[in-house]
Amino acid sequence: MRSEESDVGADSGVIPADAGVGDVCDEEVATVREILVDVPTAKEGVIPALQDVQEAYGYLPKFTMELIAEHTGTSMAHVYGTASFYSQFHMEPRGDHTIKVCTGTACHVKGADEVSEAFCDELDVDLEEVTDDGQFTVDHVRCIGACSLAVAVMVGDEVYGDVQPDEVDEVIEEYR
Ligand code: FES
């Protein structure tokens with residue numbers, strides 16, 4: 001098993017996914033408005049806004065999408081539709097560490113499904129679920145450009161290659 005540096009990051013959030021603007025405190029609203037301050041107040045600002053907010057919260061609670069709709073002069077339906085369309089956006093809280101198992105062709109052929117299952121079994125979660133301690137989420141990702149390392153797994157900035165089902169506990173231990 002090898003690991004390599006990459007610049008993909010991960011974060012987490014604790015606000016319920018369905019919390020609307022009326023459910024959160026003024027400070028939280030002000031925080032999002034501050035994040036959006038440099039984002040264009042037009043439709044083309046929606047994707048940058050979603051990216052900036054997700055970077056801060058780790059996912060997109062409902063109230064942030066409401067504020068993005070207001071800021072960009074679009075609708076909640078448009079913001080929600082955009083966020084749903086792109087797999088990079090998450091509308092549910094994530095664990096502190098997202099374990100991304102590549103299921104691209106090369107990794108699939110080398111047993112990505114078994115590796116993914118092993119992570120879920122070891123952590124006692126379903127795919128995309130957060131562990132009880134809030135530490136981990138297991139997710140699938142399409143080719144991360146490390147096909148020669150199949151099965152490739154990414155955790156935060158780190159890429160692990162040649163991952164076997166019986167090695168998943170070693171990866172998890174690094175982040176506990
Ligand atoms: S298919 Fe997994 S890294 Fe390319």
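## Exercises on helix packing and cysteines

In this predicted model, the face of helix α4 turned away from its buried side carries two exposed residues, Ala-77 and Phe-85.

**Exercise 1.** Find which residues of α4 (residues 76-85) are buried, and work out why they lie on the same side of the helix.

*Solution.*
- Step 1. A residue counts as buried under 20% relative accessible area. In α4, Val-79, Thr-82 and Ala-83 are buried.
- Step 2. Around the axis, these residues cover an arc of only 95°, so they sit on the same side of α4.
- Step 3. The cover over the buried residues of α4 includes α2 (46-57) and α3 (62-72).

**Exercise 2.** Describe how α1 (residues 26-35) packs against α2.

*Solution.*
- Step 1. The axes of α1 and α2 are 9 Å apart, and the packing angle is about 130°.
- Step 2. Angles of 65 to 115 degrees count as roughly perpendicular and those over 145 as roughly antiparallel. The angle therefore makes α1 oblique to α2.
- Step 3. The crossing of these two helices, α1 and α2, is right-handed.
- Step 4. On the α1 side of the contact are Glu-28, Thr-31, Val-32 and Ile-35, which meet Asp-52, Val-53, Ala-56 and Tyr-57 of α2.

**Exercise 3.** Count the disulfides, and classify Cys-25 and Cys-147 as buried, partly exposed or exposed.

*Solution.*
- Step 1. A disulfide requires a pair of cysteine sulfur atoms within 2.5 Å. By this rule the count is 0.
- Step 2. Partly exposed lies between the 20% and 50% limits. Cys-25, at 40% relative accessibility, is therefore partly exposed.
- Step 3. Cys-147 has a relative accessible area of 40%, so this residue is partly exposed.

How values were computed:
Residues numbered from 1 in each chain as written. Predicted model: local features only at pLDDT ≥ 70, side-chain atom pairs only at ≥ 80, totals over all residues. Heavy atoms only, no water. Buried < 20%, exposed > 50% of the residue type's maximum accessible area, 1.4 Å probe, protein only. Helix = DSSP H or I, 4+ residues; strand = E, 2+ residues; numbered from the N terminus. Arc of directions from axis to C-beta. Contact = heavy atoms within 4.5 Å. Axes fitted to C-alpha atoms, helices over the stretch in contact; angles between N-to-C directions. Parallel < 35°, antiparallel > 145°, perpendicular 65-115°, else oblique. Left-handed = near helix turned anticlockwise from the far one by under 90°.
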